[in-house]
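Q: Could you take me through one part of this structure slowly? I would like a close look at a single helix and what it packs against.

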Amino acid sequence: MSAALLIFFVLAGLAVLGAVALILQSHPIHSALSLILVMLSLAGLYLLMGAEFVAAVQIIVYGGAVMVLFVFVIMLLNAGEEERTNFSKLATFAGVPLALALGGVIAAAIARSSGHLPAPAANGALTPTRELSKLLFSEFVYPFELTSFLILVAIIGAIVLAQREN
Amino acid sequence: MNAIFAQYGFLIVATVKIILLVLIVLTADAYLTWLERKVIGHIQARWGPYRVGPHGLLQPLADGIKFILKEDPLPEGVDKKAYFFAPFLTLMLALTSLAVIPFGPDITVFGYRTNFGIADINISLLALFAITALSVYGIALAGWGSNNKYSLLGGLRSSAQMISYELAMTLSVVGVLLIAGTLSLKEIVEQQANGNLGLLGWNIIGFSKDHAGLTQIIGCFCFFMAAIAETNRVPFDLPEAESELVAGYHTEYASMKFAMFFIGEYTAMITVSCLSTILFFGGWLSPFPASWTLTHYVPSVILVPLGLWVFFDGIRYETIFGRIVLPGIGSVLTLLGLGLFAAPAINELIQGPFWFFVKVFAVLFFYIWMRGTLPRFRYDQLMDFGWKILLPVSIANVVLTSAFILWRMQG
């Protein structure tokens, strides 16, 4: 087994572990921490595929900024332990079969497409960060700017909502 | 032996470098506390540590022994996972962030060429920001997990402060990135070497051949202010404001767990000083032009008088122990300076690290100076300063810098 494959399985395992723990933990903070583990493992997987910029941004934006806000709000609201209720019948009779079906569909899709996956660019000669920025500001400049505009609108909206009482 | 080295050379060298760096940084942290107490003491017309060893030089050792021997009680009602994980996380991230710092140019030792630092990656600046972005969890978890309202308030304040100042910190370095055109810290330093007259090429002055007159002094100011806030230091140390919050997020920690937060904080200080040196003060570059070869003797010229002074000051010290140790340190420094004078090859090798150390020391001294001089901000002042001054100014810096570069490219 090559080192890259080994690292892939470790990171993928961590990501799945974090995702499962996110659901099973009863305390919101522990759930948030599990989600951070998922984000970090994903960043590692991106790095493994040679996408160093995406990996760093994944940690800075999702692992850092977004999850800090989650943790901050949970701490601020002082949310306590989640109370376990009896699972609803709908979850047992419709949820479990549907989840199994979804897993089957994904597994089938992966099994069918194996061999057609593009090989990751793993050599250091590439500078994906520079290529990425060139693409962002030439070919995809309109979607990029529109997205920024959308985010700006969201920021202004948040400020307006926060100031409504005054 | 050679065959093994050829195969695993990188791993061996990297491991040795990691061990060396951790040892050096932990020692530096210990003596940074000594320096801080000494400098602040003298600013406030006190002596600072004086009893343990000559001039209190063994104080860090005494502190270390105290940290290990103190009782480590577990407060009631803590969230054990968060409580135990937080100090480890803080220390781990602080030490990891040093891995991408280049302390000097590439060196060749016994025919093996290697970079002067642990990892030389092409997005080292982003990697550094990624690591520091995670460091807020250490403080937030410590505050939340301690089951103490003062800790919780400290943790909350710290999270809010870090979110606010991270934006300004990231935006303030965009100007440097625009000039350098790379995210690699090594290349950012190398790009600053093309000034007409040594230090004039540094980003803070900006009289390099490509971008004459493009100073990043605003970016430097914003970066340093935001960095102080990110490392929770005076005047932005509200997360641990002792007059209101006892000790903030680490109130409930004692013994080695407290020491881990402490070491983490000082390591973060060192990292930030290294980073501002690299981004704005030319990293390991000498302030003199490369053609002035006589300036290569500056390390000797500084070390020999310093050593002599320590020697002659030391033989008049109060205690006998001091009269032995201080002249000893003095003669080692003097011999070191003379040795560099006699061995030009080694002298060339230490030029880069020497200037890097001098600059980092100056920045660290500035940090301590601020702590000894400035009062703490009020919480609303802190938020106002971050959002209403630092953020707009750093955005303006980005706009001005890019406009200038565009103008130079066309003209």
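A: Here is a walk along one helix of chain B, with a word on the chain contact and on confidence. Please keep in mind that this is a predicted model.

Let's take helix 6 of chain B, residues 149-172. Its axis comes within 8 Å of the axis of helix 15 of chain B, residues 379-410, and the two cross at roughly 15 degrees. An angle under 35 degrees counts as roughly parallel, so helix 6 of chain B and helix 15 of chain B are roughly parallel to each other. Their crossing is left-handed. From helix 6 of chain B, the contact is made by B:Gln161, B:Ser164, B:Tyr165, B:Leu167, B:Ala168, B:Leu171 and B:Ser172. Helix 15 of chain B answers with residues including B:Leu382, B:Met383, B:Gly386, B:Trp387, B:Leu390 and B:Leu391. By class, this helix pair's contact has 11 nonpolar, six polar and no charged residues.

Now for the contact between the chains, which takes 20 residues from chain B and 17 residues from chain A. Helix 6 of chain B is among the elements giving two or more residues to the side of chain B that touches chain A, along with helix 3, helix 4 and helix 5 of chain B. That side has 16 nonpolar, three polar and one charged residues.

As for confidence in the partner, chain A has a mean pLDDT of 82, with 89% of its residues at 70 or more. Among the elements of chain A, the highest mean pLDDT, 91, belongs to helix 6 (residues 141-162) of chain A, and the lowest, 80, to helix 5 (residues 128-137) of chain A.

Conventions. Residues are numbered from 1 along each chain as its sequence is written. Chains are lettered from A and ligands numbered from 1 in the order in which they are written. This is a predicted model: local features need pLDDT of at least 70, side-chain atom pairs count only at pLDDT 80 or more; totals for chains, interfaces and linings use all residues. Two residues are in contact if their C-beta atoms, placed from the backbone, lie within 7 Å. Helices (H or I, at least four residues) and strands (E, at least two) are DSSP runs, numbered from the N terminus. Ala, Val, Leu, Ile, Met, Phe, Trp, Tyr, Cys and Pro count as nonpolar, Asp, Glu, Lys and Arg as charged, and the others, Gly among them, as polar. Axes are lines fitted to C-alpha atoms, for helices over the stretch in contact, and angles run from 0 to 180 degrees between N-to-C directions. Angles under 35 degrees count as roughly parallel, over 145 as roughly antiparallel, 65 to 115 as roughly perpendicular and the rest as oblique. A crossing is left-handed if the near helix is turned anticlockwise from the far one by less than a right angle, and right-handed if clockwise. pLDDT is the predictor's confidence in each residue, from 0 to 100.
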